[in-house]
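Student: I am new to this one. Can we go through it step by step?

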Amino acid sequence: MADTQVGPAYKRLADELRSQIAQGDLPVGSALPSASQLMKAHAVSTTVVRDALKILRDEGLVYGQAGKAVYVRATPEESATERMSLDELTQGLHQLEERVTGLSAPADTAAIDELREEMAELRRSVAVLQAQLIELYGRVGQPYPRDKAPLRTEAPDQSRRAVGG
C-alpha cells in the first residue's frame, strides 16, 4: 500500500483488498491473507484490519470472521449488481405496500368481497416478495431494513377494535 494515499488506514486497506478482488488477484472462493499477515504486510493494527474487513463484508465482497478465515464472496461488480437488485425489489415492495394501504372499499357487498379477495392476494404477493428480499439481504450479508416494521396482516376494520371491549 502506497503512503501517498489519503484517508484512514482501514479505508486504504479495504480499497487495496477490493482492488485485488476486482483484478482477480484474490479470486472468488479464495481465502484472504490472515489478519496477522495483513497487519505485517501493511504495517497496521488489528483494529485497522478488522475495520477494513467489516467494510468489505458490508459491501458483500467477503464472508467469515477476522481471526478465523475470511473468504472472497463476490467481485465488486457482482456485489453491486446484487445490491441494485435488492434496491429495486425493496422499492417495488414499498410501492406495493402503499397501493394496498391506499385502497378504499366500495359501498356494495359484492364489490367489498371482491376487494377483500384482491387484498388477500396482494398481501400474499407482498409476503412472498418480502421473504425473497429477506433471503437476498441475508445472502449478501446485509440486515433487512424493514425488520422493525412488519407487514400488517389483520383486516383494517379489526385493527381499530379496543382490547377487552
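**Helix H3 and its surroundings**

Student: Which residues of H3 are buried?

Tutor: This is a predicted model. Buried here means under 20% relative accessible area. In H3, the residues that count as buried are Val48, Val49, Ala52, Leu53, Ile55 and Leu56.

Student: How wide an arc do they cover around the axis?

Tutor: The buried residues sit on the same side of H3, because their arc around the axis is only 150 degrees.

Student: What covers the buried residues of H3?

Tutor: The cover comes from helices and strands alike. Among the strands are S1 (62-64) and S2 (70-72). The helices include H1 (9-23) and H2 (35-42).

Student: How far apart are the end C-alpha atoms of H3?

Tutor: H3 has 13 residues, 46-58. At 1.5 Å a residue, the helix should span 18 Å. The model agrees: the end C-alpha atoms are 18 Å apart.

Student: Which glycine follows H3, and what is its phi?

Tutor: The residue is glycine 60. Its phi is positive, near 80 degrees.

Student: In what order do the elements of the protein chain run?

Tutor: The protein chain has five helices and two strands. Read from the N terminus on, the order is α-α-α-β-β-α-α.

Student: What share of the protein chain is buried?

Tutor: The protein chain has 165 residues. Those that count as buried make up 25%.

Student: How much of the exposed area do carbon and sulfur atoms supply?

Tutor: The protein chain exposes about 10,800 Å². Of that area, carbon and sulfur atoms supply 53%.

How values were computed
Residues numbered from 1 in each chain as written. Predicted model: local features only at pLDDT ≥ 70, side-chain atom pairs only at ≥ 80, totals over all residues. Heavy atoms only, no water. Helix = DSSP H or I, 4+ residues; strand = E, 2+ residues; numbered from the N terminus. Expected span 1.5 Å × (residues − 1). Buried < 20%, exposed > 50% of the residue type's maximum accessible area, 1.4 Å probe, protein only. Arc of directions from axis to C-beta. Contact = heavy atoms within 4.5 Å. Areas by Shrake-Rupley, 256 points an atom, 1.4 Å probe, with all protein chains shown as cover.
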